[in-house]
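Welcome, and please load the model in your viewer with the sequence panel open. We will go from stop to stop, selecting a residue or two each time and looking at what surrounds them.

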Amino acid sequence: MFETLRRAFRLPELRNRILFTLMMFVVIRLGTYIPVPGIDRAAVAQLVGKGGFLGLLDLFSGGGIANFAIFSLSVLPYINASIIIELLGSVIPALEELRKEGGKEGQRKIAKYTRYLTLGLAVIESFGILALFRSSLSSTGFFVKLLIVLSLTAGAYIVLWLGEVMTERGIGNGVSLIIFAGIVSRIPVGVAQAFSLTQAHSLSVIGLIGGILGAIVLLLLVLFAYEGERKVPVQYAKRIVGRKVYGGQSTYIPLKLVQAGVLPIIFASTVLMFPATVSQFWSTSWFYVHIAQPLTSSSTLMHNTVFFFLIIFFTYFYTEITYDPAKIADDLKKYGGYVPGVRPGEATALYIKNVLDRIVLPTAVFLAFLAIVPNIAMRNQQISAFAFGGTSLLIIIGVALETVQEIEAYMMMRHYKGFMK
């Protein structure tokens, strides 16, 4: 990876993209320290320090909740909006057709709908945050509450815009990188907390060493899953055009073990947070006490069970909407390609679908176990499982690998372009 970065900085355009991304990180981190007026931040930080739903929300916002900053909501409204749009695309034919056959214009329309929905969800979640910290308000006046809601909503929309700019002018997916930066920024806090507990004898040295070794094993397993792939062999028939012979070579279709990347983990985490965010309006209700709060506490059986199945669901769902076996089979047939031993057309599409199903199921279960095992192992420790939990490590590793792969692809394209010149 370090060799890839060293070679990347030799290319001026790629170096500018990387530096632009780093500059956006600085801007976003500054936004997590600009406070929203009208609230007692010391009381907010004390509530966030108790963990649970607030700890998870603070992790994804990179500390913005603890500071009650303008970027407190981070990209969570956008992620929730994206999930809703994707789910609606499966039940609304017009939206599904727009996504699959609309081309760039269709993608622009879907992006516009997602932004509108993001704005609405940002308003709802801002009211939820306001209801959650109503006891920390310096004033209960209408204009103070309105100012807080407007600040949080504007901050969420600014973060969305920064993410889109990072995707366009930087390197990697801007939204994923914002979440990545937020989680990484909380790791030093978690490390300091672990060492302070060790010195206070609340956490044994053996437990600390065991946690470090477990994290290393988890890293290796995740790297294996993200780098693994299933190669489907493809043979191209020879074609004679004039005096030239085309085709005849053997190649393969690489099917990654983790087709959906890190998105199922992010989607599952935000879905778990959404009920608690909305139900803050009724913090004494039965739903909030018995459903919403247990869902957002990583130490509860309800949280880990629902989280486990959500990861499996979103892995299947995202693979289904992004990978079309019928289109692959049609493209192979169009260019004279075929899978040895399989008839072209519908039989090839069915074969590729069966291969995907055999890959996705064990991989989804594997990722789900990796996400919940650290939460269960650390449930009795007086340290937040979020900073070192499976969710955080999976997101960090997934985003880092995807970004490095995009850098390598960019360099390869640049070298090919230079070769053709």
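## First stop: Leu59

Select Leu59, which you will find in helix α4, residues 52-60. A word before you zoom in: this is a predicted model. Leu59 has a relative accessible area of 4%, and it counts as buried because that value is under 20%. Now add Gly182 to the selection and draw a distance between the two C-alpha atoms. Leu59 and Gly182 are separated by 123 residues in sequence, yet their C-alpha atoms are 6.5 Å apart in space.

## Zoom out for a moment

Show the whole chain as a cartoon. You should be able to count 18 helices and 5 strands. Of the 421 residues, 46% count as buried. Pairs such as the one you just selected fit into a wider pattern of contacts. Taking contacts with a separation of 6 or more, 73% are between residues 24 or more positions apart. If you switch on the surface, the protein exposes about 21700 Å², and 66% of that area is supplied by carbon and sulfur atoms.

## Val48 and the loop before α6

Next, select Val48, in helix α3, which covers residues 41-48. Val48 counts as buried at 7% relative accessibility. Add Asn67: the C-alpha atoms of Val48 and Asn67 lie 9.5 Å apart, with their positions 19 residues apart in sequence.

Move on to the loop between α5 (64-67) and α6, where Phe68 sits. What is the sign of phi at Phe68? The value is positive, near 45°, in a residue other than glycine. Phe68 is also buried, with a relative accessible area of 1%.

Stay in this loop between α5 and α6 and select Ser74. Ser74 is not a glycine either, and its phi is positive at about 50°. At 5% relative accessibility, Ser74 counts as buried.

## The largest pocket

Now for the empty space. Select Tyr78, Ser82, Glu86, Asn173 and Tyr318, show them as sticks and centre the view on them. Among the 33 residues that line the largest pocket, these five lie nearest its centre. Several helices contribute two or more residues each to the lining: α6 (76-91), α8 (103-132), α9 (142-169), α10 (174-199), α12 (263-278), α14 (301-322) and α18 (390-420). The space in the pocket comes to about 1000 Å³.

Try colouring the lining by residue class: you should get 15 nonpolar, 12 polar and 6 charged residues.

Then colour by domain, with domain 1 as 1-201 and domain 2 as 204-388. Where does the largest pocket lie with respect to these two domains? The pocket lies between them, because both domains give residues to its lining.

## Two stops on α10 and α18

Keep the pocket in view and select Ser176, in helix α10. Ser176 counts as buried, at 6% relative accessibility. Leaving aside neighbours within four places in sequence, Ser176 is in contact with Leu263 and Val399.

Which residues does Thr403 touch, not counting those up to four places away in sequence? Select Thr403 in helix α18, and you will find Ile171 and Leu177 in contact with it. Thr403 is buried, with a relative accessible area of 14%.

## Thr251 on a strand

For a change of scenery, go to strand β4, residues 250-256, and select Thr251. Is Thr251 buried or partly exposed? At 34% relative accessibility, Thr251 counts as partly exposed. Show its contacts, again leaving out residues up to four places away in sequence: Thr251 touches Val232, Pro233, Val234 and Tyr236. Then add Val339, which is 88 residues from Thr251 in sequence and 9.9 Å from it in space, C-alpha to C-alpha.

## Last stop: Ala326

Finish at helix α15, residues 325-334, by selecting Ala326. Ala326 is partly exposed, with 37% relative accessibility. Draw one more distance, this time to Leu350: the C-alpha atoms of Ala326 and Leu350 are 7.9 Å apart, and the two residues are 24 apart in sequence.

Technical notes
Residues numbered from 1 in each chain as written. Predicted model: local features only at pLDDT ≥ 70, side-chain atom pairs only at ≥ 80, totals over all residues. Heavy atoms only, no water. 1 Å grid on protein atoms, 1.4 Å probe; cavity = no way out; pocket = protein on both sides within 12 Å on 5 of 7 lines; lining within 4 Å. Points joined across faces, edges and corners; volume = space filled by probe spheres on them. Helix = DSSP H or I, 4+ residues; strand = E, 2+ residues; numbered from the N terminus. Nonpolar A, V, L, I, M, F, W, Y, C, P; charged D, E, K, R; others polar. Domains from an automatic or database assignment. Buried < 20%, exposed > 50% of the residue type's maximum accessible area, 1.4 Å probe, protein only. Contact = heavy atoms within 4.5 Å. Areas by Shrake-Rupley, 256 points an atom, 1.4 Å probe, with all protein chains shown as cover.
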